[in-house]
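Work through the exercises below with the model open beside you. Try each task before reading its solution.

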Amino acid sequence: MKDRFQFATVVLAWELLLCSLLIAGQPALQASAAPLRKQLDVSHRTVDARELPADQYARLKTLALSGARTLSSLRLRNPQVSGNGLDFAVNAALDEQRDYLIRSRSLEKRRSEIMLRREAPSFGGMLSATVFSTIPCSTPTITSVNGRAVGAIFTPRLSDNHFRIEGCGFGAKPGDVRLEAEGQVTSLESSTRTIALQLENADAWSDEQIDVQLDPRLSGIADFSVALVIQVADGRRTELPGCRFVAIRGEPTMLKRISASWVDLSATTTSFGPIRQLEYVSPASYGEEIPGNAASASAIVVRSDAALFAAGSDVFDFSMLNPGWVVESVAIQNYVATCPGDVTHAAQSGDWKTSFNAYGFTVAWASTSCVSFIPPMFRFSMSSSQYAVKVWATGPIGTEPVRSAYVQQRSETLLRRE
């Protein structure tokens, strides 16, 4: 009996001790459960939350877009434009002309050391028009320039500013050599219809060959189609059509504005129809919904809506730049909107990519979306896509890249809202 009493006493003591420990530990248990309860409450409130009043939503959306996080990009060079700003085909033609002239001069040097041979040299398939013959021409005739019978290119660029005109009937006395515009040439394409060429030296004119060059200081003249014209001393005239004048390229310049008519914006829609905001601004300027560091860009594109929308592509076409001007490089800077409140969901659709084509480039843009809880009982949801574009163009030195007809003194804005 005594042993039973002692056992019951021990059990009761242990029970009392366990109860006291449980009571003492209750706040700690409550504290450890609090974060979980708060997380569940937030999720519950988000599900049951109401839509924000229109004015409050607009204010928060403006803050989200203007305070967007910046993702900078590298400046991408146009792979279709060479380092000197000229088309690769033009560079190839100039290389051929230069090589022909080098070989021709080398041959002259060798021939001066031996007896003059009355035969025409051939250089790798290029037409050699030098005819060492005593048979006179009935009329002055141009057969080639630097070995090219068709498509000769004239440029004042130092390394290529040497032109050997070959033919016959030019006479012994110097006459006049010039480039004249072919076809319909507007003032935008060339500031002059005639460009004079100068003899390289006092012995540069003969009956079968003339060596000339352009004024290396030529500026303010765009590329244009020309005919080489020679007027001999007795007044007779001959010409070689199908030539081209190519100006020296200046340093790349950033375009301050891009006409909205040059941009094909992707037709962005949600499941409910067109998105509420599709905005194109050029030149980019600071606005309520535009990040501050986008103000120096050539243009900015802003898209936003409360509903989800997928990624897309915008096409920039610069075929209307002045003759000789091309896009040299581009930099795209995109922005990720900062969603207000407690974010419960965030996602991205698509990827950012820039690709060049013959006339400009395409921007493949991504969209981001977020859903957040705004105390005490509201829900905020938004999809957005923002990017700024900087475009550098290069072209004939002393000319402007954009035709005056396309230059507007105000921002060009394309805006669509409900």
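**Exercise 1. Describe the hairpin of β24 and β25, then list the other strands that pair with β25.**

Solution.

Step 1. β24 and β25 form a hairpin, with three residues between them. Strands are DSSP runs of E of at least two residues, helices are runs of H or I of at least four, and both are numbered from the N terminus. The model is predicted: local features need pLDDT of at least 70, side-chain atom pairs count only at pLDDT 80 or more, and totals for chains, interfaces and linings use all residues. Residues are numbered from 1 along each chain as its sequence is written, and side-chain values use heavy atoms, with hydrogens and water left out.

Step 2. Take the hairpin partner. β24 (residues 367-374) runs antiparallel to β25 over seven bridges. Pairing requires at least two DSSP bridges between two strands. T368 stands opposite S384 of β25.

Step 3. Turn to β18. This strand is antiparallel to β25, with seven bridges. S304 also stands opposite S384.

Step 4. Add β20. Nine bridges join β20 to β25 in the antiparallel sense. Q333 has A388 as its bridge partner.

Step 5. Finish with two short pairings. β1 (residues 50-51) runs parallel to β25 over two bridges, and R50 stands opposite F378. β13 (residues 253-254) runs antiparallel to β25, also with two bridges. There T253 stands opposite A393.

Step 6. Check the cover. In β25, 15 of 17 residues are buried. Buried means under 20% relative accessible area, exposed over 50%, and partly exposed in between (1.4 Å probe, protein chains only).

**Exercise 2. Which elements give two or more residues to the largest nonpolar core?**

Solution.

Step 1. Fix the term. A nonpolar core is a set of buried Ala, Val, Leu, Ile, Met, Phe, Trp, Tyr and Cys residues joined through side-chain atoms within 4.5 Å.

Step 2. Find the core. The largest has 27 residues. Those with the most contacts inside it are I258, Y280, F316, F318, F361, V389 and V391.

Step 3. Assign the elements. β17 (277-282), β18 (299-305), β20 (326-336), β23 (360-365) and β25 (378-394) each give two or more residues. The largest share, four residues, comes from β25.

Step 4. Inspect F318. Leaving aside neighbours within four places in sequence, F318 is in contact (heavy atoms within 4.5 Å) with L255, I258, W262, V327, Y359, G360, F361 and V391.

Step 5. Look for another core. A second, separate one has 26 residues, including I142, I195, L197 and V212.

Step 6. Set this in context. In soluble globular proteins, nonpolar side chains tend to be buried together.

**Exercise 3. Trace the pairings of β12.**

Solution.

Step 1. Start with β5 (residues 153-154). This strand pairs in the parallel sense with β12 (residues 237-245), over two bridges. I153 has R244 as its bridge partner.

Step 2. Go to β11 (residues 224-231). β11 and β12 are antiparallel, with seven bridges. V226 is partnered by C243.

Step 3. Examine the turn. The β11 and β12 hairpin has five residues between the strands. There G235 takes a positive phi near 95°.

**Exercise 4. Is R249 buried or exposed, and what does its side chain reach?**

Solution.

Step 1. Place the residue. R249 sits in the loop between β12 and β13.

Step 2. Read the cover. R249 counts as buried because its relative accessible area is 14%.

Step 3. List the polar partners. The R249 side chain makes a polar contact with the D223 side chain at 2.7 Å. Such a contact is a pair of N or O atoms within 3.5 Å; within protein, one must be able to donate a hydrogen and the other to accept it, and residues adjacent in sequence count only if both atoms are side-chain atoms. A polar atom of the R249 side chain also lies 3.1 Å from the backbone oxygen of G324.

Step 4. Widen the view. Leaving aside neighbours within four places in sequence, R249 is in contact with residues including N84, G85, L86, T394 and P396.
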